[in-house]
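Me: I should like a close look at a single helix of this model and at the core to which it contributes. Please treat the matter in one connected account.

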Amino acid sequence: MKIEDIWKLVLSYQAAVSAVHEISRSDGYPIYPEEITNFMKLLQSPPWVAYEYQPKEISGILESIENATTEEIKWALTAAARSERFCDGSWEQILKNRRLDPVFERLQELHHA
């Protein structure tokens, strides 16, 4: 993973957070603006996707994010991207509440980005 990959991801995250107010609804389901869907697609592609991630480990990783490895960061990002499959509106909550901020802070700390 290169510094450019990290900055591309950070910028995409910032664009997604900024677009939260543009989320609309249809029959109660969220319709996400392009910035959010693009960010979540980015999380599900190399170098960020972690196909071998363990969903049961995510809460522990997030609770001790200050000690997370790069691989654990990828697990947390993959879990965030896949969360919408299990709960409609989870992307909105993740972005609105800026739940990934500590994950990005740790990622940048690890790679001096």
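The account below takes up helix α1 and then the nonpolar core.

Reply: The model is predicted. Helix α1 comprises 16 residues, from 3 to 18. From its first C-alpha to its last it reaches 23 Å, which is close to the 22 Å expected at 1.5 Å a residue.

The two sides of α1 may be taken in turn. Its buried residues are Ile6, Leu9, Val10, Ser12, Tyr13, Ala16 and Val17. They lie on the same side of α1, because the arc they cover around the axis is only 165°. In an α-helix, residues three or four places apart point the same way, because there are 3.6 residues a turn. On the other side of α1, the exposed residues are Glu4, Lys8 and Leu11.

Against what does the buried side pack? The partners of the buried residues of α1 are four helices: α2 (34-43), α4 (70-82), α5 (90-96) and α6 (101-111).

The largest nonpolar core has 36 residues. Within this core, the residues that touch the most other members are Leu9, Ile36, Phe39, Leu77, Leu95, Leu100 and Phe104. Two or more residues are given to the core by each of α1, α2, α3 (58-63), α4, α5 and α6. Its largest share, 7 residues, comes from α4. Leu9 thus appears both among the buried residues of α1 and among the core residues with the most contacts to other members.

Isoleucine 36, also listed among those core residues, can be followed further. Leaving aside neighbours within four places in sequence, isoleucine 36 is in contact with Ala16, Ala19, Val20, Ile23, Trp91 and Leu95. One of these partners, Ala16, is a buried residue of α1.

Two further residues concern α4 and the loop that follows. Serine 83 is found in the loop between α4 and α5. Serine 83 counts as buried because its relative accessible area is 16%, under the 20% limit. Not counting residues up to four places away in sequence, serine 83 touches Ser90, Trp91 and Ile94. Trp91 is also a contact of isoleucine 36.

Glutamate 71, by contrast, is found in helix α4 itself. Its relative accessibility is 34%, and therefore glutamate 71 counts as partly exposed. With residues up to four places away in sequence set aside, glutamate 71 touches Ala50 and Glu52. The C-alpha atoms of glutamate 71 and valine 49 are separated by 9.6 Å, the two residues being 22 residues apart along the chain.

Methods:
Residues numbered from 1 in each chain as written. Predicted model: local features only at pLDDT ≥ 70, side-chain atom pairs only at ≥ 80, totals over all residues. Heavy atoms only, no water. Expected span 1.5 Å × (residues − 1). Buried < 20%, exposed > 50% of the residue type's maximum accessible area, 1.4 Å probe, protein only. Arc of directions from axis to C-beta. Contact = heavy atoms within 4.5 Å. Core = buried A, V, L, I, M, F, W, Y, C linked by side-chain atoms within 4.5 Å.
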